[in-house]
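Subject: Structure handover

Hello,

The structure you asked about is below. My notes on what was found follow it.

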Amino acid sequence: MVRKTLGNRSKTLATLAVGVVVGGAVAGGGFAVADTKAPRSDRQITNMTDEVNDIKAYYGDTVDAQGEHWASPTSNYAKQVAGIEKDAKQYLQGHARHDKGKKKAIVLDVDDTSLSTYNYELETTFVYTPASNAQYIATKTMPAVFGMNTLAKWAEQQGYTVFFVTGRPEAQRSYTAANLAAVGFPTADASHLYLKNKENPPAYLACGKTCTTIEYKSGTRAHIESLGYQIVANFGDQYSDLSGGHSGKTYKIPNPMYYLP
Ligand SMILES: [Mg+2]
């Protein structure tokens, strides 16, 4: 995944808060655009300390004996995610029947859709760097986003094929697959886990080495469709996970911690 630093990311929080979200699903092209206009007064900016405290309260910040921060399963974040999962389960239940020779599939993003980066964000005080993120991914296991592992397993039992499409680099394939398996997701083997291969992009991505996130993700979903799958639902915590078509119904998982174009 590629992110901007906190300075750039934090300005987008207010914009995101008014994003078009109806019943957990996002309308096709309704993604938020970062507001780059300079505030005319400090009163137009949420104080960063307050903002971090709000985020911690929303996730039900819990500190363990080692001083590590984790989200709480009884938090408002967990409750909001549970509501979205309930809607998705109902939708998937009604669309599980295979028809027109298509195999049914769902697509999940990884970070903050399948696996929670909350602990990493707190460890790095919300300042993402590729180096610290790579180090974290190589050495730690992220917990599942509450209930997403159960939902994915359930969908698999209903006959859905579960695909993961992540902006993580190809070099993190083994760590990512191992983490997903360790916290109870369906198998993320080579044919079910797509990572971004910037050096050697697959031929089906016309944008090649210059793909934006939306181009990479939607192009990968188009490829999945070309393999005979019908994508019934697509889950992501960023609007760039859900835009560009080839999604079926889209489900936006909340993430007030950062914004990725
Ligand atoms: Mg994500």
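Strand 6 and strand 7 (residues 193–196) run parallel and are joined by three bridges. One facing pair across them is Pro169 and Lys196, the latter in strand 7. To get from strand 6 to strand 7 the chain passes through helix 8 (residues 173–182), and this β-α-β crossover is right-handed. Please keep in mind while reading that this is a predicted model.

Strand 6 (residues 161–169) also has a partner in strand 5 (residues 103–108): the two run parallel, with four bridges between them. In this pairing Ile106 stands opposite Val162 of strand 6, and Val107 has Phe163 of strand 6 as its bridge partner. Strand 5 is in turn joined to strand 8 by six bridges, and these two run parallel as well. There the bridge partner of Val107 is Asn234. Val107 therefore has a bridge partner in strand 6 and another in strand 8. 

How enclosed are these strands? In strand 6, seven of the nine residues are buried, and the strand is mostly covered. Strand 5 is largely enclosed by the rest of the structure, because five of its six residues are buried. When you look at either strand on screen, one general point helps: in a regular strand the side chains alternate between the two faces of the sheet.

The nonpolar core comes next. The largest one has 40 residues, and Ala105, Ile106, Val107, Phe163 and Phe164 touch the most other members. Helix 4 (76–94), strand 5, helix 5 (118–123), helix 7 (148–157), strand 6, strand 7 and strand 8 each supply at least two residues of this core. Helix 4 gives the most, with five residues. A second, separate core has five residues, including Met257, Tyr258, Tyr259 and Leu260.

Which residues does Val107 touch, leaving out those up to four places away in sequence? They are Phe163, Val165, Arg221, Ile231, Asn234 and Phe235.

One of those contacts, Arg221, is among the buried residues of helix 9; the others are Tyr216, Lys217, Ser218, Gly219, Thr220 and Ile224. The cover over the buried residues of this helix includes strand 5, strand 6, strand 7, strand 8 (229–236) and helix 10 (239–242). Helix 9 (residues 213–226) is 14 residues in length and reaches 20 Å from its first C-alpha to its last, close to the 20 Å expected at 1.5 Å a residue. After helix 9 comes Gly228, with a positive phi near 100 degrees.

Two residues other than glycine also have a positive phi. Asp112 has a phi near 65 degrees and lies in the loop between strand 5 and helix 5. His246 has a phi near 55 degrees and is found in the loop between helix 10 and strand 9 (249–252). Are these two buried or partly exposed? Asp112 counts as buried because it has 24 C-beta neighbours inside 10 Å, and the cut-off for buried is 20 or more. His246 has 17 other C-beta atoms within 10 Å, so it is partly exposed.

Leu115 is in the loop between strand 5 and helix 5. It is buried, with 27 other C-beta atoms within 10 Å. Leaving out residues up to four places away in sequence, Leu115 touches Val110, Met142, Ala144, Val145 and Asn179. Leu115 and Thr176 are 61 residues apart in sequence, and their C-alpha atoms are 9.5 Å apart in space.

Some overall figures to finish. The protein has ten helices and nine strands. Of its 261 residues, 34% count as buried. Among contacts between residues at least 6 apart in sequence, 69% join residues at least 24 apart.

The mean pLDDT is 89, and 85% of the residues reach 70 or more. Over residues 4–30, however, the pLDDT is below 50; this stretch has 46 contacts in the model beyond near neighbours in sequence. Where pLDDT is low, the predicted coordinates should not be read in detail.

Regards

Key
Residues numbered from 1 in each chain as written. Predicted model: local features only at pLDDT ≥ 70, side-chain atom pairs only at ≥ 80, totals over all residues. Buried ≥ 20, exposed ≤ 12 C-beta atoms within 10 Å, placed from the backbone. Pairing = 2+ DSSP bridges. Right-handed = clockwise from strand over helix to strand, strands pointing away. Expected span 1.5 Å × (residues − 1). Contact = placed C-beta atoms within 7 Å. pLDDT = per-residue confidence, 0-100. Core = buried A, V, L, I, M, F, W, Y, C linked by C-beta atoms within 7 Å.
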